[in-house]
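Work through the exercises below with the sequence and the structure open. Each task is followed by a solution in steps.

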Amino acid sequence: MRLGFGFAVSQALRVVADLNIPDLLASGECSVEELADTAGANADALYRVMRLLAAEGVFRETLPRRFALTDVGAALSAGTGSGPRDFVRMINAEPYLAFEQLLHSVRTGEPAFDKVFGKPRFDWLATHPDEAHLFQRAMVALSQGANEAVAEAYDFGVAGRVVDVGGGHGQLLAAILARNPHLSGVLFDQPAGIAAAQAGAGGSLPRTEMIAGDFFDAVPPGADVYIAKKVIHDWDDERAVAILRNCRRAMAPGGKVLLAETIVPAGDEPAQIKMIDVTMLAVTGGLERTEAQYAALLAAAGLRLERLIATPVPISLLEASGA
């Protein structure tokens, strides 16, 4: 029964994040009437939602109808910057609606999102700029610590030029270049992604060329390293192989392809990546993979998996060379 009511907790989290309740409590405890008045909510209804979340450790009810923030709840504050707040808000919006049709995905193997919204997830985001902006912030939040871990884990010593394939705002490339002053970089993404990078911190990336394009068509040629972080998991095998094959064609002799992905572990132990995998099934049509599945993808693209490099966070580097 508790598992079946998981949606109640997830949507309650989204509501208090949308109403900025954690921020209102950041300076100290408040009554639910004060919170509702400031947030524009019904006090009795808000109390019921906060009582549920207090039972989950998000708030503490210090006196009847009076709440304080816990460390867990503080993570939902907008003041934390790129924290889980944006991810919680994003995943409980249109992806949540797609999940109602998860059975469609299981029966057909096709994303439920397409059925619910009439077009694929990324095509839908392209026509909904506010939701696309939230999605980008959510991805930044989900990557906290991962960019630095990936940049630290790999020795770029013999490389001269690295292409960040589908590099978004450029945080990973920035982390790599900061640690490797001998490198030059290419940030490669769709036009909207490059525009966002130029408007943000990525616009001041050193030693970097920004190129807009479609990685299903081609990627910038001649680099020593092509790195794709959390890109391949967005796509089914056919499209994933197309991206990898373009990297194989483009890389310089002796070049490497690096995939930064979270590996699905064997066995029945709880793992967040298993939840994300089913989300990929319903929302994008992509999938999380085991090491063996990534090795097979690389082989189909003319690449050979050389090694798997673990990092201190739940992301690994798969290094591949020409087969």
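## Exercise 1: Lys230 and Asn20

Lys230 counts as partly exposed, with a relative accessibility of 24%. The model is predicted.

**Task.** Where does Lys230 lie, and what is its phi? Do the same for Asn20.

**Solution.**
- Step 1. Locate Lys230: the residue sits in the loop between β7 and α15 (237–250).
- Step 2. Read the backbone angle: phi of Lys230 is near 50 degrees, a positive value in a residue other than glycine.
- Step 3. Locate Asn20: the loop between α1 (6–18) and α2 (21–24) holds this residue.
- Step 4. Read its angle: phi of Asn20 is near 60 degrees, again positive in a residue other than glycine.
- Step 5. Set this against the general rule: most residues other than glycine have a negative phi.
- Step 6. Classify Asn20 by accessibility: a value of 30% makes it partly exposed, as partly exposed runs between the limits of 20% and 50%.

## Exercise 2: the sheet of three strands

**Task.** What is the strand order of the open sheet of three strands, and which strands stand at its edges?

**Solution.**
- Step 1. Write the order: β1-β3-β2, with antiparallel pairing.
- Step 2. Find the edges: β1 and β2 (59–63) each have a single partner strand, so one side of each is left without a neighbour in the sheet.
- Step 3. Check one pair: β2 and β3 (residues 66–69) are antiparallel and joined over four bridges. Within this pair, Phe59 has Leu69 in β3 as its bridge partner.
- Step 4. Look at β1 (residues 30–31), where Ser31 is found.

**Task.** Is Ser31 buried or exposed?

**Solution.**
- Step 1. Take its relative accessible area, which is 14%.
- Step 2. Apply the cut-off: buried means under 20%, so Ser31 is buried.
- Step 3. List its contacts: leaving aside neighbours within four places in sequence, Ser31 touches Arg65 and Arg66.

## Exercise 3: α3 against α4

**Task.** At what angle do α3 and α4 cross, and which residues make the contact?

**Solution.**
- Step 1. Take the geometry: the axes of α3 (residues 32–39) and α4 (residues 43–55) come within 9 Å and cross at roughly 115 degrees.
- Step 2. Name the arrangement: at that angle α3 is roughly perpendicular to α4, as the class covers 65 to 115 degrees.
- Step 3. Give the hand: the crossing of α3 and α4 is right-handed.
- Step 4. List the contact: α3 supplies Val32, Glu33, Leu35 and Ala36, and α4 supplies Ala43, Leu46, Tyr47 and Met50.
- Step 5. Sort by class: the α3 and α4 contact has seven nonpolar residues, no polar and one charged.

## Exercise 4: the sheet of seven strands

**Task.** What is the order of the open sheet of seven strands, and which strands are its edges?

**Solution.**
- Step 1. Write the order: β6-β5-β4-β7-β8-β10-β9, with mixed pairing.
- Step 2. Mark the edges: β6 (208–212) and β9 (303–310) each pair on one side only.
- Step 3. Note the twist: neighbouring strands of this sheet are turned by 20 degrees against each other on average, direction ignored.
- Step 4. Take a parallel pair: β4 and β5 run parallel, joined by five bridges. Here Val165 has Phe188 in β5 as its bridge partner.
- Step 5. Take an antiparallel pair: β8 (residues 256–261) and β10 (residues 316–322) pair over six bridges. Here Val257 has Ala320 in β10 as its bridge partner.
- Step 6. Judge the setting of β4: four of its five residues are buried, so this strand is largely enclosed by the rest of the structure.

## Exercise 5: two helices on the sheet

**Task.** Which strands do α12 and α13 lie across, and how do these helices pack?

**Solution.**
- Step 1. Place α12 (residues 146–153): this helix lies across β7 (225–229), β8, β9 and β10, at about 150 degrees to β7.
- Step 2. Place α13 (residues 171–179): this helix lies across β4 (161–165), β5 (184–189), β6 and β7, at about 175 degrees to β5.
- Step 3. Relate the helices: α12 and α13 pack at about 40 degrees, with axes 9 Å apart. That makes α12 oblique to α13.
- Step 4. Give the hand: α12 and α13 cross in the right-handed sense.
- Step 5. List the contact: Asn147, Glu148, Val150, Ala151 and Glu152 of α12 meet Gln171, Leu172, Ala175, Ile176 and Arg179 of α13.
- Step 6. Sort by class: the α12 and α13 contact has five nonpolar, two polar and three charged residues.

How values were computed:
Residues numbered from 1 in each chain as written. Predicted model: local features only at pLDDT ≥ 70, side-chain atom pairs only at ≥ 80, totals over all residues. Heavy atoms only, no water. Pairing = 2+ DSSP bridges. Axes fitted to C-alpha atoms, helices over the stretch in contact; angles between N-to-C directions. Contact = heavy atoms within 4.5 Å. Parallel < 35°, antiparallel > 145°, perpendicular 65-115°, else oblique. Left-handed = near helix turned anticlockwise from the far one by under 90°. Nonpolar A, V, L, I, M, F, W, Y, C, P; charged D, E, K, R; others polar. Buried < 20%, exposed > 50% of the residue type's maximum accessible area, 1.4 Å probe, protein only.
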